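Please examine the sequence and the three-dimensional structure shown here before reading on.

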Amino acid sequence: NKGIAVFTSGGDAQGMNSAVRAVVRMGIYVGAKVYFIKEGYQGMVDGGDNIVEANWSSVSGIIHKGGTIIGSSRCKEFRERAGRLKAAKNLILLGISNLVVIGGDGSLTGANLFRQDWPELVAELASKGDITPEQAIKFSHLNIVGMVGSIDNDFCGTDMTIGTDSALHRIIEAVDAIAATAYSHQRTFIMEVMGRHCGYLAVVTALTTEADYVFYPENPPPVDWPEKICKKLSQERESGQRLNIIIVSEGAIDREGNPITAEMIREVVVTNLKQDTRITVLGHVQRGGSPSAFDRVLGCRMGAEAVMAVLEATPETEACVVSLDGNQAVRLPLMACVEKTQAVAKAMADKQWELAVQLRGRS
Ligand code: ADP
């Protein structure tokens with residue numbers, strides 16, 4: 001009777017509830033005891049009411065909800081060994097040595113570190129008498145299975161992260177709505193979308209909304225972008241178009257690595273073309289609302305696969321992340337994916353954009 005705990009950590013994303021639901025139900029179905037850890041690593045460190053056993057109905061009526069019903073947080077204490085020691089004690093006392101983590105690369109890195117520390121943490125708890133020698137033997141190994149919840153689609157190894165598709169739905173609805181008013185008043189709109197160092201949301205938005213120009217971090221524009229964008233916008237107006245839409249990723253940069261902001265673009269357009277130009281920053285609306293059908297199914301499939309991975313794990317099995325490859329849920333080595341994702345961030349910081357795109361692969 002395995003004890004499995006599921007938690008969500010870092011930035012929330014639509015579809016996390018679907019994944020939590022699948023872990024709980026699949027876990028119960030295969031005869032495991034499934035626990036929620038509320039508020040991510042903070043709940044694991046604090047213990048008490050934050051770690052509760054889940055039952056079949058505790059995940060009823062959540063698949064359509066955005067965010068995560070079990071809460072998420074950023075936890076400083078877990079970054080320190082002392083915090084991880086407290087977390088290990090809380091888990092072992094409840095008979096838990098299998099963790100399913102749903103979060104971004106930070107959360108998955110933390111989980112892997114915890115797994116590496118685990119034998120030492122267990123030995124220390126046993127030597128202090130916090131756990132019995134029997135518990136130290138029974139829970140000598142920690143299994144970790146990860147799933148990536150992030151609206152940015154910024155993780156290497158999976159075609160889509162949980163939440164990206166829903167965020168795109170939200171963004172596209174907003175751009176369509178703004179295009180209608182822009183058309184009426186012959187305005188130019190600059191829409192800022194999320195994505196940190198990943199331009200996926202910006203590029204897909206631009207493609208699917210017929211935007212006139214897009215700025216995103218992996219492909220900084222040439223130094224003469226102000227002339228180029230003005231030429232493009234005026235061509236469109238001259239050919240009868242009544243509006244212009246420009247998409248800018250929050251992480252957009254120039255070739256020197258300096259930010260290109262919506263305000264800078266507005267300045268260029270207003271100064272040179274005198275167009276009535278407005279900025280809309282979509283912000284947290286992108287994380288809100290109900291998950292799309294795709295994200296609900298993705299969460300279900302990944303959650304079910306995560307439980308299978310936990311069941312089949314042995315002390316020799318590496319921590320894995322459940323990913324989408326084509327239309328298949330697959331298991332990949334967690335740390336290799338995290339390292340590749342961090343290598344992308346480094347390549348971006350080093351202005352090696354082609355390398356970053358190459359490393360990121362299909363996602
Ligand atoms: P995300 O998972 O969305 O990338 P963060 O990077 O903020 O979000 O990580 C979420 C939490 O995971 C952190 O608040 C911390 O508790 C834990 N974490 C992240 N990186 C580490 C690390 N290197 N060591 C231990 N814990 C970590």
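The following paragraphs treat the sheet, the helices packed on it, the nonpolar core, one residue in strand E2 and the surroundings of the ligand.

The model is predicted. Its architecture may be approached through an open sheet of seven strands, whose order is E3-E2-E1-E4-E5-E10-E11 and whose pairing is mixed. The edges are formed by strand E3 (51-53) and strand E11 (328-333), each of which pairs on one side only. On average, and with direction ignored, neighbouring strands of this sheet are turned by 25° against each other. In general, the strands of a sheet pair through backbone hydrogen bonds, in either a parallel or an antiparallel manner. Strand E10 (residues 320-325) pairs with E11 in the antiparallel sense, over six bridges. Within this arrangement, Cys 320 stands opposite Pro 333 of E11.

Two helices that pack on the sheet may be considered next. Helix H1 (residues 16-29) touches strand E1 (3-8), E2, strand E4 (98-103) and strand E5 (143-148). The direction of H1 makes about 175° with that of E1. Helix H11 (residues 334-349) touches E5, E10 and E11, and its direction makes about 85° with that of E11.

The largest nonpolar core comprises 110 residues. Those touching the most other members are Ala 5, Val 6, Val 23, Ile 245, Ile 247, Val 248 and Ala 306. Helix H10 (residues 293-312) supplies the largest share of this core, namely eight residues. Val 23 offers a local view: beyond its neighbours within four places in sequence, Val 23 is in contact with Val 6, Val 34, Val 100, Gly 303, Ala 306 and Val 307.

Attention now turns to Tyr 35, which is found in strand E2 (residues 33-37). Is this residue buried or exposed? Tyr 35 counts as buried because it has 24 C-beta neighbours inside 10 Å, and the criterion for burial is 20 or more. Apart from neighbours within four places in sequence, Tyr 35 is in contact with Gly 3, Ala 5, Ile 51, Val 52, Glu 53, Ala 54, Leu 94 and Ile 96. Tyr 35 and Ala 167, by comparison, are 132 residues apart in sequence and 28 Å apart in space, C-alpha to C-alpha.

Finally, the ligand is surrounded by 16 residues, of which the closest are Gly 10, Gly 104, Gly 106, Ser 107 and Gly 110. Helix H4 (residues 105-127) gives the most to this shell, with six residues. Classified by character, the shell contains four nonpolar, nine polar and three charged residues.

How values were computed: Residues are numbered from 1 along each chain as its sequence is written. This is a predicted model: local features need pLDDT of at least 70, side-chain atom pairs count only at pLDDT 80 or more; totals for chains, interfaces and linings use all residues. Helices (H or I, at least four residues) and strands (E, at least two) are DSSP runs, numbered from the N terminus. A residue is buried if 20 or more other C-beta atoms lie within 10 Å of its own, exposed if 12 or fewer, and partly exposed in between; C-beta atoms are placed from the backbone. Two residues are in contact if their C-beta atoms, placed from the backbone, lie within 7 Å. A residue is near a molecule or strand if its C-beta atom, placed from the backbone, lies within 6 Å of it. Ala, Val, Leu, Ile, Met, Phe, Trp, Tyr, Cys and Pro count as nonpolar, Asp, Glu, Lys and Arg as charged, and the others, Gly among them, as polar. A nonpolar core is a set of buried Ala, Val, Leu, Ile, Met, Phe, Trp, Tyr and Cys residues joined through C-beta atoms within 7 Å. Two strands pair if DSSP finds at least two bridges between them. Axes are lines fitted to C-alpha atoms, for helices over the stretch in contact, and angles run from 0 to 180 degrees between N-to-C directions.
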